Amino acid sequence: MLMARWVPLAGEEGEKMKEYIAIDLGGTNVRIATINEQFEIKDLHKEATGQNAILSQLVRLIREQGKEGQVQGIGIGIPGVVDKEGKIHYISNIPGLENVGLEKELTDHTGLPVSVINDGSAAALAEARLGAGKGYESVYYVTVSTGIGGGYVYQGKLIPGAAGYAGEIGGTVVSRNQKESFRGLYPGAIEGISAGDALTERGSRLCGRTLAHAGEVFDAARKGEGWAVSLTGQMAQDLAVMLAGISFAVNPDIFVLGGGCMKGADCFYDKMKAYYLEMTPEGLHGTGFARAELEEPGLLGAVIPVL
């Protein structure tokens, strides 16, 4: 539940609050909602992503969503890399949007300010401004889900990097022993070892049956099955390697961890923190660790740049 807001309320009693459209664009589904100045989410809808006509689909959804409201801007979170001009340079699961200047296209079609942001960066902004990182000057958000990503927020502002790649930590190499590439990642990249999809694939090979999702790995670890205990133990260590590297680079006040794999946090979270302490000097031991608090950080964070 949101405990605070960082934009003012509407000025006069009876005055309608400004509204913003938030979009969470994924390879399977596109989710769209209206968010007001108090960061209240309403009219959340979802439909399958139209891979071959995605721009037309987004324009239609925006017009349908905003026809009754006082829409002031549009924020979109995508699973890809966006440069400072809102052009998408990499998006693995919606190839039709690669090299598209989505901000300009949608602004031209709607006449409204549009911000396109990496979905991990959007969640980072929301957790830093409204969630578990609220009140800290320096927040590094990490999502451990089907993939691994994140974002760095300093003094309330996202640090995107020169080409928009800041926070793409799934490509961080944490092991030189891995020889095989996972879905095009460099061998040993943490997303290819410890993200949900990688855990599912590796776990299936180890246990000799086809697992449906990473939750089955965590369930097996809770039951004490050796292959799963070993896999989640390695996950804890590899995440700690990644976090230690981030600490040495930017020394955040706090790490906030979110994403679907945190449902299995009891299998790796405490071990991960213990490994982190082993790998870092005393000066970095004051770094905080917190689990993400917000139910919809991607949607909330997507609209922050247009407020």
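**Val71 and the chain around it**

Let me begin with a single residue, Val71, which, once its neighbours within four places in sequence are set aside, is in contact with Glu19, Ile21, Gly66 and Leu112. I should say at once that what we are looking at is a predicted model, and everything that follows should be heard with that in mind.

Val71 belongs to strand 4, which covers residues 71–78. Is Val71 buried or exposed? Its relative accessibility is 15%, and because buried here means under 20%, Val71 counts as buried. If we then go ten residues along the sequence from Val71 to Val81, the two C-alpha atoms turn out to be 26 Å apart in space.

Turning now to the whole protein chain, we find nine helices and twelve strands. The radius of gyration is 20 Å, close to the 19 Å that the globule rule gives for 307 residues, so the chain is as compact as a globular protein of that length. Along its principal axes, the C-alpha trace spans about 60 × 45 × 35 Å.

How much of the chain is buried? Buried residues account for 49% of the 307, and Val71 is one of the residues that count as buried. As for contacts between residues at least 6 apart in sequence, 60% of them join residues that are at least 24 apart.

Finally, the surface: the protein chain exposes about 14,500 Å², of which carbon and sulfur atoms supply 48%. The chain carries 27 positive and 37 negative charges, and the mean positions of these two sets lie 3 Å apart.

Conventions:
Residues are numbered from 1 along each chain as its sequence is written. This is a predicted model: local features need pLDDT of at least 70, side-chain atom pairs count only at pLDDT 80 or more; totals for chains, interfaces and linings use all residues. Side-chain values use heavy atoms; hydrogens and water are left out. Helices (H or I, at least four residues) and strands (E, at least two) are DSSP runs, numbered from the N terminus. The radius of gyration is taken over C-alpha atoms; the globule rule is 2.2 Å times the number of residues to the power 0.38. Buried means under 20% relative accessible area, exposed over 50%, partly exposed in between (1.4 Å probe, protein chains only). Contact means heavy atoms within 4.5 Å. Accessible areas come from the Shrake-Rupley method with a 1.4 Å probe; for residues, only the protein chains shown count as cover. Lys and Arg count as positive and Asp and Glu as negative; His and the chain ends are not counted. The place of a charge is taken as NZ of Lys, CZ of Arg, CG of Asp or CD of Glu.
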